[in-house]
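Student: Please take a close look at one part of this model with me. I would like a single connected account of that part and what lies around it.

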Amino acid sequence: MANDATMVIKTTSDTKALIKRAADKLGLSISSFVVMVAKNAASSNEIVIKNNTTDADLAAIDRAEKYNARHKVSTTWAKLKAKYDV
């Protein structure tokens, strides 16, 4: 895997444990698993978020929306996809 980018994902310990179990089943590191899942979702245009949100999920969505409101967009989704060839 290329080392030309760093990605930081803030989550709960429960979510990290869930991701780790899924990655372990496939024999992948957490980083590789997250990158592969994100790339597959972005390239397929079939991103699915289940509608079984918990209070923790709603809090995470609220934090993400607040973060997005404080940070300006620097490019479009189409340009990002073209840049990273996904």
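**Helix α2 and its surroundings**

Tutor: Let's start where α2 stops: the helix is followed by Asn-45, whose phi is positive, near 55°. Please keep in mind that this is a predicted model.

Now walk back along the helix. α2 has 15 residues, and from its first C-alpha to its last it reaches 21 Å, close to the 21 Å expected at 1.5 Å a residue. Its buried residues are Ser-32, Phe-33, Val-34 and Ala-42. These buried residues pack against two other helices, α1 and α4 (77-84).

At the other end of α2, which covers residues 30-44, we come to Ser-29, in the loop between α1 (13-26) and α2. Buried residues have under 20% relative accessible area and exposed ones over 50%, so Ser-29, with 40%, is partly exposed. Ten residues separate Ser-29 from Ile-19 in sequence, and their C-alpha atoms are 9.8 Å apart in space.

One step further back, Gly-27 follows α1, and its phi is also a positive one, near 75°. As for α1 itself, its 14 residues should span 20 Å at 1.5 Å a residue, and because its end C-alpha atoms are 20 Å apart, the two values agree.

α1, one of the packing partners of α2, also carries a salt bridge. Asp-24 pairs with Lys-20, and their closest N and O atoms are 3.1 Å apart. Both residues lie in α1, four residues apart, which is about one turn of the helix. Asp-24 has 45% relative accessibility and so counts as partly exposed. Lys-20 is likewise partly exposed, because its relative accessibility is 39%.

It helps to set that pair beside its counterpart, since the structure holds two salt bridges. The other one links Lys-66 with Asp-62, with 3.2 Å between the closest N and O atoms. Here the helix is α3 (residues 55-70), and the two residues are again four apart, about one turn. Lys-66 counts as partly exposed at 47% relative accessibility, and Asp-62, with a relative accessible area of 34%, is partly exposed as well.

To bring the picture back to α2: its buried residues pack against α1 and α4, Ser-29 sits in the loop that comes before it, and Asn-45 follows it with a positive phi.

Notes: Residues are numbered from 1 along each chain as its sequence is written. This is a predicted model: local features need pLDDT of at least 70, side-chain atom pairs count only at pLDDT 80 or more; totals for chains, interfaces and linings use all residues. Side-chain values use heavy atoms; hydrogens and water are left out. Buried means under 20% relative accessible area, exposed over 50%, partly exposed in between (1.4 Å probe, protein chains only). The expected span of a helix is 1.5 Å times one less than its number of residues. A salt bridge is a side-chain nitrogen of Lys or Arg within 4 Å of a carboxyl oxygen of Asp or Glu. Contact means heavy atoms within 4.5 Å.
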